Amino acid sequence: ECEAARDLTELVTQQGTHTDSTVGLPNRIEPWCAPAGGTPERFLRFTAPDTGRFVVHTASADTSFDTVLYAFSDCADPEGTSLGCNDDLTDNAGWVLPGDPSELGEDFAYTSALSLDLEAGQEVIIGVDGYSDGEEGAFDIRVESLVCGDGRVVVGEDCEDGNTTNGDGCDSECHLECEDDVYDAVEDEDF
């Protein structure tokens, strides 16, 4: 049941992976970003320890099926309180896999990632579902707190230079900076 969702909050502080399964569970919710029908889902609860961006993903060689991730704030109205829904890792523009993607095997694109901007103390329910009818299996899920200046380009960042200093080409919010004279030089060029 949604109300009895397992707690993932400790994963952020430990940067750990939670292993779970959807096998044998009932189908209660149809994900709004995938055509799934009749697929069981697992509900997990997460409370943001700080204000910031968090990425929840199933990118692991141990995830055995095509996952769909979705997040919402009210069990009585999941789609109406949706915070996001993602069917494939490759559809989540800008997400950079941790480590070497080849380690995940050839099916890593069928795993999912969801970026959530949350306030400290905000609680969300995360659903792990299958993409197509009857798809179920074991999965690894990870929650990572993302911070500009940590050296990894992730969802919502254009650049990442390992600091939050403005004026060095990558600003304090990890967006590209460009001087006016660079724009002028590009505008004067004939391509």
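A search of this predicted model as a whole finds six salt bridges, and several of them make convenient first stops in the viewer.

**First stop: Asp 20 and Arg 6**

Select Asp 20 together with Arg 6, and you will find their side chains meeting in a salt bridge, with 2.8 Å from N to O. Asp 20 belongs to strand β2 (residues 17-21) and Arg 6 to strand β1 (residues 6-7), so the contact ties together parts that lie 14 residues apart in sequence. With the surface displayed, is Asp 20 buried or exposed? Asp 20 is buried, at a relative accessible area of 8%, while Arg 6 counts as partly exposed at 38% relative accessibility. Add Arg 42 to the selection, since Arg 6, Asp 20 and Arg 42 are linked in a network of salt bridges.

**Second stop: Glu 41 and Arg 28**

Next, select Glu 41 and Arg 28, whose side chains form another salt bridge, here with an N to O distance of 3.5 Å. Both residues sit in the loop between β2 and β3 (42-47), and the pair links distant parts of the chain, 13 residues apart. Glu 41 counts as buried, with 0% relative accessibility, whereas Arg 28, at 31%, counts as partly exposed.

**Third stop: Arg 53 and Asp 117**

Move on to Arg 53 and Asp 117, where a salt bridge of 2.9 Å, N to O, joins the two side chains. Which strands does this pair link? Arg 53 lies in strand β4 (residues 52-57) and Asp 117 in strand β7 (residues 113-118), and the two residues are 64 apart in the sequence. Colouring by accessibility shows Arg 53 as partly exposed, with a relative accessible area of 25%, and Asp 117 as exposed, with 53%.

**Fourth stop: the four-stranded sheet**

Now switch to a cartoon view and select strands β2, β9, β4 and β7, which in that order make up an open sheet of four strands with antiparallel pairing. The edges of this sheet are β2 and β7, each of which pairs on one side only. Averaged over the sheet, neighbouring strands are turned by 25 degrees against each other, when direction is ignored.

For a closer look at one seam of the sheet, keep β2 and strand β9 (residues 138-146) in view: the two run antiparallel and are joined by five bridges. Within β9, Ala 138 is the residue that stands opposite Ser 21.

**Fifth stop: the aromatic rings**

Hide the cartoon and show the aromatic side chains, among which the structure holds five aromatic pairs. One of them is formed by Trp 32 and Tyr 70, a tilted pair with 5.0 Å from centre to centre and 55 degrees between the planes. Trp 32 lies in the loop between β2 and β3, and Tyr 70 in strand β5 (residues 67-72), so this pair ties together parts that are 38 residues apart in sequence. Trp 32 is partly exposed, with a relative accessible area of 24%, but Tyr 70 is buried, with a value of 0%.

Select Phe 43 and Phe 72 next: their ring centres are 6.2 Å apart and their planes stand at 85 degrees, so the pair is edge-to-face, the label for planes over 60 degrees apart. This pair, too, links distant parts of the chain, with Phe 43 in strand β3 and Phe 72 in strand β5, 29 residues apart. Phe 43 and Phe 72 are both buried. If you now display Trp 32, Phe 43, Tyr 70 and Phe 72 together, you have one aromatic cluster in view.

**Last stop: the whole chain**

Finally, zoom out and show the full cartoon. How many helices and strands are there in the chain? The chain holds two helices and nine strands, and, read along the sequence, these follow the pattern β-α-β-β-β-β-β-β-β-β-α.

With the surface switched on again, bear in mind that 40% of the chain's 191 residues count as buried, and that the chain exposes about 9,500 Å², of which carbon and sulfur atoms supply 45%. A contact display completes the tour: among the contacts between residues at least 6 apart in sequence, 70% join residues at least 24 apart. The link between Arg 53 and Asp 117, across 64 residues, and the aromatic pair of Trp 32 and Tyr 70, across 38, are two places to return to with that display in view.

Conventions: Residues are numbered from 1 along each chain as its sequence is written. This is a predicted model: local features need pLDDT of at least 70, side-chain atom pairs count only at pLDDT 80 or more; totals for chains, interfaces and linings use all residues. Side-chain values use heavy atoms; hydrogens and water are left out. A salt bridge is a side-chain nitrogen of Lys or Arg within 4 Å of a carboxyl oxygen of Asp or Glu. Buried means under 20% relative accessible area, exposed over 50%, partly exposed in between (1.4 Å probe, protein chains only). Two strands pair if DSSP finds at least two bridges between them. Axes are lines fitted to C-alpha atoms, for helices over the stretch in contact, and angles run from 0 to 180 degrees between N-to-C directions. Rings of Phe, Tyr and Trp (its six-membered ring) pair if their centres lie within 6.5 Å; planes under 30 degrees apart count as stacked, over 60 as edge-to-face and the rest as tilted. Contact means heavy atoms within 4.5 Å. Accessible areas come from the Shrake-Rupley method with a 1.4 Å probe; for residues, only the protein chains shown count as cover.
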